[in-house]
Amino acid sequence: MQKRYVTIWFQSLTTDWFIRKQPGLKEIPFVLALPDHGRLVVTAANNLANKEGIEPGMAVADARTLISSLKVIDARPGLNSKLLKGFAEWCIRYSPYVAVDLPDGIILDASGCAHLWGGEKQYIFAISKRLRNFGYHIRIAIADTIGAAWAVSRFGKDNTIVEKDKQIHSLQSLPVASLRIEPATTEVLQKLGLYHVDQLTAIPRSALRRRFDAQVLLRIDQALGNIEELIQPVFPPEPYHERLPCLEPIVTATGIGIALQRLLNAVCHRLQQEEKGLRIADFKCYRIDGKIEKISIGTNRPSNSSKHLYKLFENKIDSIEPDLGIELFILEASKIEDLATVQEKLWDNKGLDDTALAELLDRIGGKVGNENIHRYLPAEHYWPERSFKPATSVIEKAAIAWKIDRPRPLQLL
Amino acid sequence: MSAVKADIIDQLRKDMLLLQGFKKIINPYAPEILPASVRSAFPNAQFPIGAVHEFISFHQEEVAATAGFISGILASLMLKSGACIWINSSKNIFPPALKLFGIPPEKIIFIHLKKEKEILWAMEEALKCESLTAVIGELRELNFTASRRLQLAVEKSQVTGFILRDNPRSLNTTACVTRWKITSLPSELPNDMPGVGFPKWEVELLKVRNGKPGKWEIEFTEGRLRYNSKINAIPMISKKKTG
């Protein structure tokens, strides 16, 4: 499948966050600062401060000479990575593969996602509109490669859609810094008069390799799509998962139940075809306000019966708080085991290896907690209180025989 | 004429039993669950399977005796295979001891629940599960509605239910098929042999639907419950209390 990547650049992530928390800051110039070598150094400045020439890396004392009324707020180290992680999780509603791109970006693997929003234009417009409504200054671009999308989002026009296999054209006029090269190398390139990407690509590869480190070539190849680049998703998606986006936010328990039923049917249908059953399943509800509600269930035996699994989830639906509404449901089967279809027996030898019994224990365990259900196996020990041990599963067999050489009381005090 | 009448009445009785959920189970391989003299108290002279039995006890010793007697019944109920659920509020059953009654302890699933409401719910769910052989629940109170629910559940699934009521506040009417009271008796050994003998109980059938209540002395020997007339013939004075 043709790969498509979206990159989002948060131009002023931390200052936007402070403005969102304290709307009064919107009107005044302020900077975030951290003490460094006995002085306060600006780590981020808002738009108003930027206009006056205050930039990150400046000492606060110098900045105060430019704007005397400058407000200084203590920066929180690690805030941007925390915020980006939150955004990446939020962005899972747009694509299952989302990665954090420190220090100020997010990468979405949008392959096969955009058509759900009616096209790439609507897709990136939907994302950027939501993020801007939160009060963040962002720039967004979509391209075949991460490198091209990254370059265009930061150095090109906003909301750029780089057509398929056209990344070379869109990159040509961009500065060399757009290739994600180390600042030191960029400086050298600029000193040599290589300002734009097309100047760099015109040079034979062997010459580039000889004069610069391998990183330059690697970055060019990544941007042009000659080398595959991998991203580390925030939540590696489970191989068995189903998504159900909703047109209108869902707030009722009945609505959640219907969504769950649909997802379970889809997952179970797939499991049945592959002769597998799930042991652990998570049902995640993405709320409009960005929070995620999650319920999970476990079963004693692999199961692919949607009716049974629905029953297990049913008790827990009440614990979901839809708040303003849920816009995306995801069902993940995080633990899968083989489930061979057994031939039906003509006569029943009622035993522990039985679906109906396992389902009963799931139901009881789901309601009162699995820690209250015990089964015991013999343990090789002379002490009576250690002569038995809890079994790990319902079908675990006794490895040794029970000792019956001494009379033992049935009832303990 | 009277013989014909008796026949008709007998037939009608049998029909009524069927309507009430007592099916005569014909399985020549299944061992008899209780001694014949006790069985004669039940309709069809068969221990009712697929019914709920209620056991009353007022003292700690009676609780233990009841658990023992039920284990004796379970031993023949479970046969070679079969699983069983035991629901109680504390871990007072010592699993290895079940083996002495011929029950594989690993076939018993213990569920420990504190609230009576939860125990009743779990019991009803378990009684609906046809893969189980028996369900044992330790409850203190059981009202008529709850017992009726349990009885309806077993009539469909044919699971046998046992309810152990320790020190109930009142002996109210329930929909259970039987009500028992088990008291422990001193065990006895032939020919004044030393040591502890086989478990022995005084089994009192207080109530039985369509049957005759009675009282017996039952011993668990040779892997089954036995009614030993020879033991009963021994005068009470010579018995040694062994605990």
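This section describes the confidence, sheets and helix packing of a predicted two-chain model.

The complex is predicted, not experimental. The predictor assigns it an ipTM of 0.80 and a pTM of 0.64. For chain B, the mean pLDDT is 83. In that chain, 88% of residues reach 70 or more. Residues 231-241 of chain B are an exception to that level, with pLDDT under 50 throughout. The model has nine contacts beyond four places in sequence for this stretch. Where pLDDT is low, predicted coordinates should not be read in detail.

Chain A contains an open, five-stranded sheet with mixed pairing. Its strand order is E5-E6-E1-E7-E8. Strands E5 (97-101) and E8 (160-161) of chain A stand at the edges. Each has a single partner strand, so one side of each is left without a neighbour in the sheet. Within this sheet, E1 (residues 5-10) and E6 (residues 105-109) of chain A pair antiparallel over five bridges. A:Trp9 has A:Gly105 of E6(A) as its bridge partner.

A:His137 lies in the loop between helix H5 (120-133) and strand E7 (138-143) of chain A. A:His137 and A:Phe10 are 127 residues apart in sequence, yet their C-alpha atoms are 6.0 Å apart. Beyond four places in sequence, A:His137 touches A:Gln11, A:Ser12 and A:Asp16. A:His137 counts as partly exposed because 16 other C-beta atoms lie within 10 Å, between the limits of 12 or fewer for exposed and 20 or more for buried.

A second open sheet has 11 strands and draws on both chains. The order is E14(A)-E13(A)-E3(B)-E2(B)-E4(B)-E5(B)-E1(B)-E6(B)-E7(B)-E8(B)-E9(B), again with mixed pairing. Its edges are E14 (388-390) of chain A and E9 (224-227) of chain B. Each edge strand has a single partner, so one side of each lacks a neighbour in the sheet. The twist averages 30° from one strand to the next. At the chain A end, E13 (residues 373-378) and E14(A) run antiparallel and are joined by three bridges. There, A:Leu377 stands opposite A:Lys389.

Helices from both chains lie across strands of this sheet. Helix H14 (residues 355-368) of chain A lies across E13 of chain A and strands E2 (83-88), E3 (108-112) and E4 (132-139) of chain B. H14(A) runs at about 125° to E13(A). Helix H3 (residues 60-78) of chain B lies across several chain B strands, including E1 (52-57), E5 (160-166) and E7 (200-208). H3(B) runs at about 115° to E6(B).

Notes
Residues are numbered from 1 along each chain as its sequence is written. Chains are lettered from A and ligands numbered from 1 in the order in which they are written. This is a predicted model: local features need pLDDT of at least 70, side-chain atom pairs count only at pLDDT 80 or more; totals for chains, interfaces and linings use all residues. Helices (H or I, at least four residues) and strands (E, at least two) are DSSP runs, numbered from the N terminus. Two residues are in contact if their C-beta atoms, placed from the backbone, lie within 7 Å. pLDDT is the predictor's confidence in each residue, from 0 to 100. Two strands pair if DSSP finds at least two bridges between them. Axes are lines fitted to C-alpha atoms, for helices over the stretch in contact, and angles run from 0 to 180 degrees between N-to-C directions.
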